[in-house]
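Here are my notes on the model you sent over. Have it open while you read, and shout if anything looks off.

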Amino acid sequence: NAEYMGILGFTMSNPWSSGLFDCFSDMSSCICVTFCTPCAYGQIVSILRTNQTGGMCGDCGSCCLLYLCAPIACFFTCGNRGQIRQKFNLKEEPCGDCVVHWCCMPCALCQEFREVKRQTGIGAPAAPAVEEMTR
């Protein structure tokens, strides 16, 4: 599935499941990022590490780090985007991870939140109940 790049290794080949500016396609992620960006970031980190959101603030250390270092947050949130791409074999698009976070961190976090939820099945609708037929 990955394209071989010789001595450089493998490039990521899968597209993201949603675009960078599709923020309103998942309103729960959009609202979380808009009104409590540190909590959204903490949840993304928690999902990456444990496949669970980890409560309101997710990974508490990551949540606090983003809250305390807000002016320079894009410098460490872009590394998280790279981990997401590596874990799910995603392309680096529309441009480099740090550029995406520097130019539009809220949109990047929304996209990442949607992706990790989709990839891990968090927030997916429950399967319909199967009824047995009797004669």
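The points below cover the cysteines, the aromatic rings, the charges over rings and the main pocket.

1. First things first: this is a predicted model. Please read every distance and angle below as belonging to a prediction.

2. How many disulfides turn up in the whole structure? A full search gives one. The bond runs between C78 and C98, with the two sulfurs 2.4 Å apart. In sequence the partners are 20 residues apart, and the bond links distant parts of the chain: C78 sits in helix 4 (residues 74-88) and C98 in helix 5 (residues 97-120). As for handedness, the link of C78 and C98 is right-handed, with 40° about the S-S bond.

3. Are the two ends of that disulfide buried or exposed? C78 has a relative accessible area of 6%, so this end is buried. C98 comes out at 44% relative accessibility and therefore counts as partly exposed.

4. Why is C23 not bonded to C107? The cut-off for a disulfide is a sulfur pair within 2.5 Å. The closest cysteine sulfur to that of C23 is the one in C107, and at 3.9 Å this is too far for a bond. C23 is also buried, because its relative accessibility is 12%.

5. C30 tells a similar story. Its sulfur has the one in C110 as the closest cysteine sulfur, but the gap is 4.8 Å, so again this is too far for a bond. With 8% relative accessibility, C30 counts as buried.

6. On to the rings, where the count comes to two aromatic pairs. In one of them, Y41 and F76 have ring centres 6.1 Å apart and planes at 65°, which means the pair is edge-to-face. This contact links distant parts of the chain, with Y41 in helix 2 (residues 37-50) and F76 in helix 4, 35 residues apart. Y41 is buried, at a relative accessible area of 6%, whereas F76 counts as partly exposed at 22% relative accessibility.

7. Which geometry does the pair of F75 and W102 have? It is tilted, because the planes are at 45°, with the ring centres 5.9 Å apart. F75 belongs to helix 4 and W102 to helix 5, so the pair ties together parts 27 residues apart in sequence. Both rings belong to exposed residues: F75 has 57% relative accessibility, and W102 has 59%. Helix 4 and helix 5 are therefore linked by this ring pair as well as by the C78 to C98 disulfide.

8. Two charges over rings deserve a look while you have the side chains displayed. R81 lies over the face of W16, 4.3 Å from the ring centre. K117 does likewise over the face of F113, at 5.0 Å from the ring centre.

9. Last, the largest pocket, which has a volume of about 150 Å³. Its lining is made up of 11 residues, and those nearest the centre are S17, D26, R114, K117 and R118. What is the make-up of that lining by class? There are two nonpolar, five polar and four charged residues. K117 shows up twice in these notes: near the pocket centre, among the residues named above, and over the ring of F113.

Notes:
Residues are numbered from 1 along each chain as its sequence is written. This is a predicted model: local features need pLDDT of at least 70, side-chain atom pairs count only at pLDDT 80 or more; totals for chains, interfaces and linings use all residues. Side-chain values use heavy atoms; hydrogens and water are left out. On a 1 Å grid over the protein atoms alone, a cavity is a set of points where a 1.4 Å probe fits but cannot get out, and a pocket is an open set with protein on both sides within 12 Å along at least five of seven lines; lining residues have an atom within 4 Å of a point. Grid points are joined across faces, edges and corners, and a volume is the space filled by probe spheres set on the points. Ala, Val, Leu, Ile, Met, Phe, Trp, Tyr, Cys and Pro count as nonpolar, Asp, Glu, Lys and Arg as charged, and the others, Gly among them, as polar. Helices (H or I, at least four residues) and strands (E, at least two) are DSSP runs, numbered from the N terminus. Buried means under 20% relative accessible area, exposed over 50%, partly exposed in between (1.4 Å probe, protein chains only). Rings of Phe, Tyr and Trp (its six-membered ring) pair if their centres lie within 6.5 Å; planes under 30 degrees apart count as stacked, over 60 as edge-to-face and the rest as tilted. A charge sits over a ring if NZ of Lys or CZ of Arg is within 6 Å of the ring centre and within 35 degrees of the ring normal.
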